[in-house]
Amino acid sequence: MGDAKKQMTYDAIVIGSGISGGWAAKELCEKGLKTLVLERGRDVRHVTDYPTGMMNPWEFEHRNQLPLEIKQQNPIISKCYAFYEGTTHFFVKDAEHPYVQEKPFDWIRGYQVGGKSLMWARQTQRWSEYDFQGPARDGFAVDWPIRYADIAPWYSYVEKFAGISGNKDGLPQLPDGEFLPPHEWNCVEKHFSQQMAKHYKGGRPVIMGRAAHITQPKPIHLQQGRAQCQRREICERGCPYGGYFSSNSSTIPWAMKTGKMTLRPHSVVHSIIYDEQKGRATGVRVIDAETKQMTEFYARIIFVNAAALNTNLILLNSTSNRFPNGLGNDNGLLGKYVAFHNYRARVWAEYDGMLDSTTEGKRPNSPYIPRFRNVFKQETDFLRGYAAGFGAGRGSHTKQDGIGADLKASLLKPILGGWYVGSHMMGETIPKETNFVALDPNQKDPFGIPQLRVSVDYDDNDEKMVKDYLAQMTEMFTVAGFKNIQSSDSKQAPGLDIHEMGGVRMGKDPKTSLLNKWNQLHACKNVFVTDGACMTSTSTQNPSLTYMALTARAVDYAVKEMKKNLI
Amino acid sequence: MKRRNALKSVALGVGALAGLPAWANGWNRDTVRQTTPLLSPRQDQLLAEIAEAIIPTTDTPGAKELGVHTFIQKMVADCYEPKAQATFSKGLETLEATAQRTLGKSFAAADAAQRTSLLKTLETDAEAKGFFQMVKNLTIRGYLTSEYVMTNLTGFQMAPGYYKGCVPVKKS
């Protein structure tokens with residue numbers, strides 16, 4: 001190898017620095033591999049690159065409301081709940097990175113070091129055996145090549161490092177993890193949980209959400225330079241305390257400290273290079289986002305962690321004589337069986353009890369209702385089910401009559417309102433061949449890379465599930481004595497749930513899947529996919545924790561295989 | 001609010017965000033390009049007096065001292081539809097014209113009782129009602145979210161460090 005090529009050669013390349021890429025980087029570097037981490041966006045350094053992280057509400061000139069111009073120019077990203085004046089710099093603007101919506105799809109992206117791990121909702125529920133068994137039991141997609149026992153130790157491994165708060169609830173459908181102390185309940189949430197336990201005899205537990213917040217730091221968190229969560233509830237602006245887990249506060253600086261990592265922002269991956277003679281991937285082609293120059297980097301193994309749909313795009317765009325339809329795509333299924341979470345429906349109500357009690361302080365988390373439909377057996381006319389978020393609180397308002405000194409006085413005397421309660425659904429959707437992403441044959445992005453064409457939609461199963469959620473939650477709220485129960489179906493497009501998954505699914509059979517049980521491409525053994533693209537089915541849990549665990553597990557395997565000279 | 005910043009943001013208007021690097025949209029006040037303001041200095045002064053009439057100085061600062069009119073102008077310029085902006089500008093003109101017609105002097109020169117009575121006529125006027133409600137709502141919002149009020153009067157906690165889910169309601 002010439003010197004020039006040597007300079008561009010690493011032991012491992014990680015494409016993407018978000019929640020799974022950060023984990024790949026940390027694990028590979030800790031195992032001593034010289035690792036190149038490619039990030040298409042700019043660098044975001046912990047603390048120093050959180051420009052709004054310490055800003056008070058009055059320091060935002062529009063008090064965090066989005067200016068009209070931004071909304072008009074960005075109809076897609078403006079729909080995202082976390083996109084506001086204080087976070088606009090962490091989200092991809094609509095015009096910057098176009099894609100083709102064959103069917104409506106709100107693609108929410110964060111192109112920077114840390115990716116969406118900066119702005120994620122930090123919910124970290126484990127999958128259970130019932131989730132991994134889902135496709136086989138219910139006859140959809142393909143069987144997962146792994147079971148809960150395969151991933152359980154890796155959940156523990158990542159939880160200890162990331163810092164996950166939670167209560168050991170002893171539920172088979174939502175296994176316990178390595179928890180820091182759980183967040184606190186309020187009285188009405190507790191009331192709801194107790195009423196549900198009584199009425200449904202344990203069939204519909206309501207628990208405190210498990211969340212990636214350091215409620216009480218352990219030495220491993222202090223070693224990362226992270227501190228206890230300060231309860232500011234402005235996480236999505238970046239947390240200077242490292243109170244919640246992000247690549248930026250945790251895995252990336254940890255990997256950097258090993259001295260093994262080269263982090264290269266502004267590096268848009270065009271494709272993976274496949275060497276026909278060697279029968280393996282040898283590197284990646286990178287377009288420098290600033291100069292638009294193409295460069296090649298080389299490595300023995302490649303982890304693709306570009307976020308679910310972009311991972312699909314990169315593999316689809318990695319064509320060669322051996323793989324004319326995309327890397328590893330012998331069966332034509334690459335890009336297909338994309339699924340997501342159905343977040344359309346909400347139920348809310350009021351509660352006129354417990355008026356002598358209220359809450360104080362803040363809590364960046366809320367209770368969680370694990371899936372109770374079709375868990376242990378099929379019991380409805382739709383497949384699978386939904387988890388739900390739940391929360392209660394008490395607002396205050398002021399009298400705003402008239403003008404002058406009387407108005408001023410009443411503005412400063414807030415009147416405590418009654419309790420409100422609310423819930424939102426998180427439904428499993430069934431992966432189907434007809435829900436797919438593909439390269440658009442004509443449209444190119446600003447880097448000359450084909451645009452992604454997204455064709456993903458709800459189906460009849462989803463419609464039935466929305467109806468069931470609305471009916472069941474209404475019943476549950478009624479049982480709890482809540483009043484003025486209201487509901488809505490936003491009919492929001494897929495994508496806004498920000499839980500798109502699949503397209504490069506895991507499976508046992510190379511004829512019907514792209515990845516094996518180690519997240520390794522069946523047909524190109526030194527390429528691993530451990531982000532949302534690998535998901536065979538979606539279940540109902542927020543998926544990031546599972547990506548982290550799959551990533552750590554896959555790196556462990558990959559490095560062992562490398563040492564045996566098998567890849 | 002620092003006076004320097006307050007003065008600077010008076011001068012900001014529509015399209016002020018265009019000069020930022022793409023990733024920095026909308027947050028860095030000091031790097032925002034200054035453009036033509038929505039209101040003339042005279043109108044801005046009038047708006048300050050209206051806000052002050054809605055939330056006057058008592059034993060604590062009123063809307064004018066807290067720069068609420070600056071906030072109002074900024075919000076209308078950057079966050080409101082052109083139609084609402086027109087309602088806003090027209091409302092200011094109407095109010096001033098009404099003051100001249102009925103009192104023979106400008107709103108700013110009127111005494112507190114006269115100002116209140118002028119604003120109350122807007123409240124019931126079919127055409128000016130929209131303007132009045134917009135300015136009143138924005139005045140309340142700007143006041144309650146001002147640094148002075150949040151830190152001195154309403155006990156805002158940036159980082160409480162705790163959550164208590166069941167505490168007795170304090171009797172006021």
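**Cysteines, salt bridges and a helix crossing**

Biologist: Let's start with A:Cys534: is it buried or exposed?

Modeller: Bear in mind that this is a predicted model. The relative accessible area of A:Cys534 comes out at 0%. Buried means under 20%, so A:Cys534 counts as buried.

Biologist: OK. How many disulfides does the structure hold, and which residues does a disulfide join?

Modeller: Over all chains there is 1 disulfide. Its sulfurs sit 2.2 Å apart, and the cut-off for a pair is 2.5 Å. The count is therefore 1, and the joined residues are A:Cys187 and B:Cys166.

Biologist: Which elements does that pair cross between?

Modeller: The disulfide joins A:Cys187 to B:Cys166. The link runs between chains, with A:Cys187 on the chain A side and B:Cys166 on the chain B side. The elements are helix H7 (residues 187-199) of chain A and strand E1 (residues 163-168) of chain B.

Biologist: Is the disulfide right-handed or left-handed?

Modeller: Look at the torsion about the S-S bond of A:Cys187 and B:Cys166, which is about 125 degrees. That value makes the disulfide right-handed.

Biologist: What are the relative accessible areas of A:Cys187 and B:Cys166?

Modeller: A:Cys187 is buried, while B:Cys166 is partly exposed. In numbers, A:Cys187 has 8% and B:Cys166 has 45%.

Biologist: Which cysteine sulfur is nearest to that of A:Cys239, and how far away is it?

Modeller: A:Cys239 is in no disulfide. A pair would need its sulfurs within 2.5 Å. The nearest one belongs to A:Cys229, at 6.7 Å.

Biologist: And is A:Cys239 buried or exposed?

Modeller: The relative accessible area of A:Cys239 is 10%. With the limit for buried at under 20%, A:Cys239 is buried.

Biologist: Back to A:Cys534, then: how far away is the nearest cysteine sulfur?

Modeller: A:Cys534 is in no disulfide either. The nearest cysteine sulfur is that of A:Cys524, and the distance is 17 Å.

Biologist: Over in chain B, are H2(B) and H4(B) roughly parallel or roughly perpendicular?

Modeller: Two packed helices are described by the angle and the distance between their axes. For helix H2 (residues 41-54) and helix H4 (residues 82-103) of chain B, the axes come within 11 Å and cross at roughly 80 degrees. The perpendicular range is 65 to 115 degrees. So H2(B) and H4(B) are roughly perpendicular.

Biologist: What classes of residue make up that contact?

Modeller: From H2(B), B:Arg42, B:Gln43, B:Leu46, B:Leu47 and B:Ile50 take part. They meet B:Phe88, B:Ser89, B:Leu92, B:Glu93, B:Leu95 and B:Glu96 in H4(B). By class, the contact of H2(B) with H4(B) has 6 nonpolar, 2 polar and 3 charged residues.

Biologist: On to salt bridges. Are A:Glu27 and A:Lys26, which meet in one, buried or exposed?

Modeller: The structure holds 38 salt bridges over all chains, and in this one the N to O distance is 2.7 Å. A:Glu27 has a relative accessible area of 1%, and A:Lys26 has 2%. Buried means under 20%, so A:Glu27 and A:Lys26 are each buried.

Biologist: What about A:Arg45: which residue does it form a salt bridge with?

Modeller: A:Arg45 is partly exposed at 48% relative accessibility, whereas its partner is buried at 15%. The closest N and O atoms are 3.0 Å apart, inside the 4 Å cut-off. The partner is A:Asp49.

Biologist: Which residues are linked in a network of salt bridges?

Modeller: Not A:Arg322 in this case; A:Arg322 forms a salt bridge with A:Asp330 at 2.9 Å. The network links A:Glu129, A:Asp143, A:Arg147 and A:Lys508.

Biologist: Where is A:Gln125, and what is its relative accessible area?

Modeller: A:Gln125 sits in the loop between strand E3 (100-101) and helix H4 (129-132) of chain A. Contacts beyond its sequence neighbours include A:Leu174, A:Tyr368 and A:Asn542. A:Gln125 is buried, at 0%.

Biologist: Last one: what is phi of A:His266?

Modeller: Most residues other than glycine have a negative phi. A:His266, in the loop between strand E7 (261-264) and strand E8 (267-275) of chain A, has a positive one. A:Asn64 also has a positive phi, near 75 degrees. For A:His266, phi is near 55 degrees.

Terms used:
Residues are numbered from 1 along each chain as its sequence is written. Chains are lettered from A and ligands numbered from 1 in the order in which they are written. This is a predicted model: local features need pLDDT of at least 70, side-chain atom pairs count only at pLDDT 80 or more; totals for chains, interfaces and linings use all residues. Side-chain values use heavy atoms; hydrogens and water are left out. Helices (H or I, at least four residues) and strands (E, at least two) are DSSP runs, numbered from the N terminus. Buried means under 20% relative accessible area, exposed over 50%, partly exposed in between (1.4 Å probe, protein chains only). Axes are lines fitted to C-alpha atoms, for helices over the stretch in contact, and angles run from 0 to 180 degrees between N-to-C directions. Angles under 35 degrees count as roughly parallel, over 145 as roughly antiparallel, 65 to 115 as roughly perpendicular and the rest as oblique. Contact means heavy atoms within 4.5 Å. Ala, Val, Leu, Ile, Met, Phe, Trp, Tyr, Cys and Pro count as nonpolar, Asp, Glu, Lys and Arg as charged, and the others, Gly among them, as polar. A salt bridge is a side-chain nitrogen of Lys or Arg within 4 Å of a carboxyl oxygen of Asp or Glu. Lists of a residue's contacts leave out its neighbours within four places in sequence.
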